[in-house]
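User: Please pick one part of this structure and take a close look at it with me. I'm a first-year student, so keep it informal.

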Amino acid sequence: MKSTVRICLNALLTLSLTSSTILAFSPNTVILSNTNANVNAKLQQPPQTSTPISPTQLNLFGGLFGGNEKQNTDPSIPKRLFSIPCTQIKSGGLRFALGLFLIGQQGTPVKGSWKANQADDGVLDMFYVDNTAMFSLILDEESKAIHVDRYGLESSLQYQLQESLVLHRLLDEIQTLALEGEEIEDANRLIVFEDPETAVENARKGLPARAEE
């Protein structure tokens, strides 16, 4: 009798353990099956392509090469090419002399290349034929200085070459008026440089190297 009971108990215990094993592993089996299905589904999907990001969007070169600097987009704001400090400027006579000089440069390098004009404020303007830029000669009697400014956001290469040629000649003329004629006293000159030794030389540093004529 005891043997029979023991056999029955062993059978029930075995059956219980088997059911528990099935119940314990059934959830994992389902999860694994679902996971495999998800992986297979992703593998069957076409690969997703990403939109390339430009260096501008990444700002990759901004910090290295000055890309963050704001560029001038206002055509009314000039670029100063050079200034000549003076101790004396007789603007009326100097404007007349330099105005005649610029009129004589209107045909450089060919007739009609430039157009000289005197503005209402006494500034001498030079317009180039391609209309990409112009320069202004300013005789500032109050601050005792001569300034040359360029207007134009996208001056052509041809303009820059011809501008350089005319401005080097202009500096020659200014130097002649300021320094030639040792017998002329400073009080009688149209212009007197603050530093006669370096005034024109420093102004030329703001221009491209002078081309051979």
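Analyst: Helices (H or I, at least four residues) and strands (E, at least two) are DSSP runs, numbered from the N terminus. With that, the chain has 6 helices and 6 strands, and from the N terminus on they run α-α-α-β-α-β-β-β-β-α-β-α. This is a predicted model, where local features need pLDDT of at least 70 and side-chain atom pairs 80 or more, while totals for chains, interfaces and linings use all residues. Residues are numbered from 1 along each chain as its sequence is written, and side-chain values use heavy atoms, without hydrogens or water.

Let's look closely at the sheet and what sits on it. Its 6 strands form an open sheet in the order E2-E3-E4-E5-E1-E6, with antiparallel pairing (a pair needs at least two DSSP bridges). At the edges you'll find E2 (114-118) and E6 (191-193); each has a single partner strand, so one side of each is left without a neighbour in the sheet. On average, neighbouring strands are turned by 30° against each other, ignoring direction.

Now go to one end of that order. Strand E1 (residues 79-89) pairs with E6 in the antiparallel sense, over 3 bridges. Across that pairing, Cys86 stands opposite Phe193 in E6.

Two helices join in. Helix H4 (residues 91-104) packs on the sheet and touches E1, E2, E3 (124-128), E4 (134-140), E5 (145-151) and E6, where contact means heavy atoms within 4.5 Å. H4's direction makes about 160° with that of E4 (angles run from 0 to 180 degrees between N-to-C directions, along lines fitted to C-alpha atoms, for helices over the stretch in contact). Helix H5 (residues 157-179) lies across E1, E2, E3, E4, E5 and E6 too, running at about 95° to E6.

Next, zoom in on Phe82, which is found in E1. With a relative accessible area of 4%, Phe82 is buried (under 20%; exposed is over 50%, partly exposed in between, with a 1.4 Å probe and protein chains only). Leaving aside neighbours within four places in sequence, Phe82 is in contact with Ile146, His147, Val148, Leu167, Leu171, Ala203 and Leu207. One of these partners, Val148, is 66 residues from Phe82 along the chain, yet their C-alpha atoms are separated by 5.7 Å.

Time for the aromatic rings. The whole structure holds 4 aromatic pairs (Phe, Tyr or six-membered Trp ring centres within 6.5 Å; planes under 30 degrees apart are stacked, over 60 edge-to-face, the rest tilted). For Trp114 and Phe135, the ring centres are 5.6 Å apart and the planes at 65°, so this pair is edge-to-face. Trp114 lies in E2 and Phe135 in E4, so the pair ties together parts 21 residues apart in sequence. Both rings belong to buried residues: Trp114 has a relative accessible area of 3%, and Phe135 comes in at 0%.

Trp114 has another ring partner. Its ring and that of Tyr159 have centres 5.6 Å apart and planes at 55°, so this pair is tilted. Here the link runs from E2 to helix H5, with Trp114 and Tyr159 sitting 45 residues apart. Tyr159 is buried as well, at 0% relative accessible area. Add Tyr128, and ring pairs link Trp114, Tyr128, Phe135 and Tyr159 into a cluster.

Stepping back to the whole chain, buried residues make up 28% of its 213 residues. Among contacts with a separation of 6 or more, 60% come from residues 24 or more positions apart.
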